[in-house]
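Please open the structure in your viewer and keep the selection tool at hand. The stops below can be followed in order.

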Amino acid sequence: MTTTKLKTTLKPPPGLGIETSTGPPRVIPNGAQQPSRAPSGIFIPAYSPSSQNGQFPLPAFARPENMPPQQSFVSQPHPPNGMPMMMAMRPNMPMPPGLMVPSLSPPGQMMPQQQLPSPDYYMQQQQHDMKQQMSAQQSLQFQLNSLRSMTAMYASNPSIQLYNNIMMVSANVSALQQQGMSQAQRPEIMAFGPTIPSLPSVSKSDTRSTSPSNTQPYSPRTTKASSNSDSPKTLPSEKMSDRGSPAKNFAQMVEEDDDDEEWMPDIYASRFVPAHLKNINNANAVEIGSQRPPNIDLTDYVDTFAPRKLLARYQTPPFTYQPEPELLRREFGVETYKAKFDNLISIEIDAKQKEMADYNMYGVTLELGDAGRSIYKLKCPGIREFTPSVSIGDVVFFRQLGPQYSFNGFQHNGHIWYIDRARGEIFVRIDGLFLETNSFNVRFSQDYSFEYVCADAVKCLHQEMKNNPSGFARKMLFPLDSDGVMQNSLANGVFDIDWYDADLNFEQQRAVDSVLSRNYGQVPFLISGPPGTGKTKTVVELALQLLKASDDSHILLCAPSDAAADTLAMRLRHYLDNKTMFRLNGFSRSFSEISTDILPYCAIDIVDDQDMFGMPDFQKFMSYRIVVCACKDANILTEAKLTNQDLFKLEGFMTEAFGARQQNLHWTALLIDEAGQGTEPETIVPLRAVLPGTSYTSEPPVVVMAGDQKQLGPRTASRQDQQSELEVSLFERLTDLPFYSEHPLARKKQVRGMRRPKLPFLIPAFSNLVRNYRSHPALLAVPSSLFYYDTLLAEAVNVDTLCNWHQLPNHAMPMLFIENKGIDEMVEDGVSWYNNDELKLVCDIAKELVDQQLVKPFEIAIAVPFREQIRRIRNRLRAQHLRAVNVGPVESYQGAEHRVVIVCTTRTRERFLERDLQRGMGMMHEAKRFNVAITRAKELLVVVGNSDLLAQDSNWRALLSYSERNGLCDPSRPCNWKMSEDEANTPAYFSRIEQGIVYRQRAMNSDNLNGPMMDDPMWLAGAAAEEVLLNE
């Protein structure tokens, strides 16, 4: 192996001894006491030359005419990336009486020379800085600059302190060099080729010996630190440098040593931020506010139709969490509902606050965006990955840095007016800002008002359950067998309904018929739909049938995200006009995020000469038969007093005044699509809107949720907290309740060969969709066995047109796994990642498929876990004139389908998996993201990844085993990982679909189907797996 070494020898001043310890060597006067340790701070050596005695010739690299510019030895006002640089002190340079040490002195003050810390302090500080994980390249350049400067000083005026500093920095440089940096990774090191003065060895008479090992002359050359110490060790004498050699050029000091283990430099360590920059954020400051973006005051809206004495105006109460240990120790249920979720919401808020602190920015600049409105543009590349997760209206704190990192004492509280995620830019309004240095510390904050809304909704539903234990709220959240209806006879299976969509299958029609008849009881009806089984199609049909069933019906149709709500509106617009359907949007939503086909169904207001989404007048709103919105925006109905309880109260007051009688609720149904993607408190918000009062006489609203708990769920900041369960959606929690999960017709009970249940049993308040109309059977085998109890049926047609692609090893199965050994690289301090080898592979595959006219560019989707890799793939495809190829994160493809899907895993190194898991990024150990990624393809699935790494995940291991036993791995790039003999003989997951494909393939090859095939290990494994499931 090749390692890079730095040999540095200096002659110590007379009368100095050498002390050897487990840490970096340091020189102390003979007989002197060990210096006392100073408090921690930033390592900035100080020196004031007293004379130039010319004892040693000045090195060429340190001469004034050869010194490169902008190499700083004292802290400069605006270093790049928040890193203090070092400026070389030339012998003829006038010196100030002292140098500023930011961590020890207030900004702008100087530290007198007589107060300089001891040499031991510098060694401690260097170790402290290294523990801060400065990146290797930055740290090495930092140390080299210091070494060059101090060597020049020592040549003109040797001193004990400088000698100690040089020895310490030399040891650190050697340690960094020893980490195996390639020539390409250290261009700044080889650029100047410094010369360091040579030094004769120190005689034994000048050396204080405390042990036999201490009698060896000192050399700064070091080996890799031991496992129990961060300090470098001195090499044995036979490996030390030649002590009497003359001065050498830096390039001549590089040698090869095959005996040492090669280290990879830690160029991906977190960026080091000096303490004095962080301290500025903690200093007292005068806050200057800024104008908020335009918004709509719903209090004024309510004033147009309801007097304040009748309907009190809604204001979100502040959330104050008071732990109730006794309730938290009890099982989750009706009595503990509020206490449990208050605790979870509190954990989520704390996690978001900690997460926001990780995104603080130091020494960044602003660009003027709109001078007339004092709007500035802030580059924040992480916003593309929702890191930080901010939205329009959130506050961003700015503190402007002055000269010498001083602080003027003002904090500007700006408000986000616009976000451009594609460009990684945030537009912030900052009033009263004067750009002095245009260098800022930036802190992000998050508006927790929606968390407060969720907590208030939970409180409301909990109060309803306490007041009426057998009422609507309890049945929706904790259904019991007593809430259902017993079935004593078989249903006829014929539905007398005039369908809008004639292509609905039996399971979809049965779901719609059950909801229309409401024969299952007053409980939530759940539609469980694996990928490609038509959940949204069923929800759209159900909404249309409910409207047709009653002229008095009004439906609230929700989804956890704006994109999913837009999909519902897009499908319904083919049947409904803009007088029947209204798309309710959050007031801060951007117009660029919504399709122009949906805009006619939206309300647009003008506030402060700016167009924004708004609310129609009360009379017009009440005329809409169906309102589509995101779950979070359903709180607009609460604030606008348009909930069932508020409207019931308002209508009751008016009808009683005129002697009439009130009977019906306004909202008769709540339908939630993709219900598995929202947290339970988030789903409670629209449920609160349809919550009936206590004196209604009509039927309560019907509640239907459609989703797949095995696909992507809620993304929470507290997902890594062991006490948090907020990532479990209401849909998933309900499906796990015995009322649903233990029903004889539940999905997990539908194992092949199992006997049909006997009557009587409860009429199922759910429908399991099993027919997949999207994918080739070979692409369903793994997800069906992993996530859906092997219940999926492949019903797709015309999905084998790409089976003859020449790169497929097995033309019966249109799937290809390609081994990628390329290194994943990071950008922007770990915000995002890319992999050049993977990038080239996927782009070449897309180009080949298009060039061979097998598919069109828009029929290809590339699912990528990291935004930087997305950007680079898009740029490469555009250069190849393939702009129409879809490239995006896995989350953007949930609910989508494409003829060809290429799944990028990007990650190839294990060391970053833990951070991926903490941030909810990447493809490893993310079962739901994995399920979404591999179930988007219709005709061809290509996976690019590192098999050794992927095999650590049980789901990816199942896919790798499936690929290997069916010959789906690219033979030109063989996999590193090989399945064991046990996995080959008895695979853990072997589905009916895979058995059918293998049987058909062997039949076409005229194999003996009655003999050896029945004894095939895979068939025996399938039978064994079936027996295990039957015995659960």
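What follows is a tour of a predicted model, going from a nonpolar core to the strands beside one of its residues and then to a helix.

Begin by selecting Leu 556, Ile 626 and Leu 687, which touch the most other members of the largest nonpolar core, a set of 116 residues. Helix α9, residues 449-467, is the next selection, since it gives the most to this core, with 8 residues. Apart from this core lies another one of 44 residues, and to find it you can select Leu 792, Val 901, Leu 941 and Trp 977, which are among its members.

Return now to Leu 556 and show its surroundings: leaving aside residues up to four places away in sequence, the residues that Leu 556 touches include Val 627, Cys 629, Leu 637, Trp 667, Pro 686 and Val 690, as well as Ala 669, Leu 670 and Leu 671.

Next select strand β22, residues 669-672, where Ala 669 and Leu 671 point one way while Leu 670 and Ile 672 point the other way, and all are buried. Strand β17 (residues 555-559) runs parallel to β22 and is joined to it by 4 bridges, with Ile 555 standing opposite Ala 669. Strand β23 (residues 702-707) also pairs with β22 in the parallel sense, over 4 bridges, and here Ile 672 stands opposite Met 705.

For the last stop, select helix α5, residues 275-282, in which His 276, Leu 277, Ile 280 and Asn 281 are buried. These residues lie on the same side of α5, because they cover an arc of only 160° around the axis. Adding β8 (361-364), β11 (395-401), β12 (407-420) and β14 (440-444) to the view shows part of what covers the buried residues of α5.

Terms used: Residues are numbered from 1 along each chain as its sequence is written. This is a predicted model: local features need pLDDT of at least 70, side-chain atom pairs count only at pLDDT 80 or more; totals for chains, interfaces and linings use all residues. Side-chain values use heavy atoms; hydrogens and water are left out. A nonpolar core is a set of buried Ala, Val, Leu, Ile, Met, Phe, Trp, Tyr and Cys residues joined through side-chain atoms within 4.5 Å. Buried means under 20% relative accessible area, exposed over 50%, partly exposed in between (1.4 Å probe, protein chains only). Helices (H or I, at least four residues) and strands (E, at least two) are DSSP runs, numbered from the N terminus. Contact means heavy atoms within 4.5 Å. Two strands pair if DSSP finds at least two bridges between them. The arc is that of the directions from the helix axis to the C-beta atoms.
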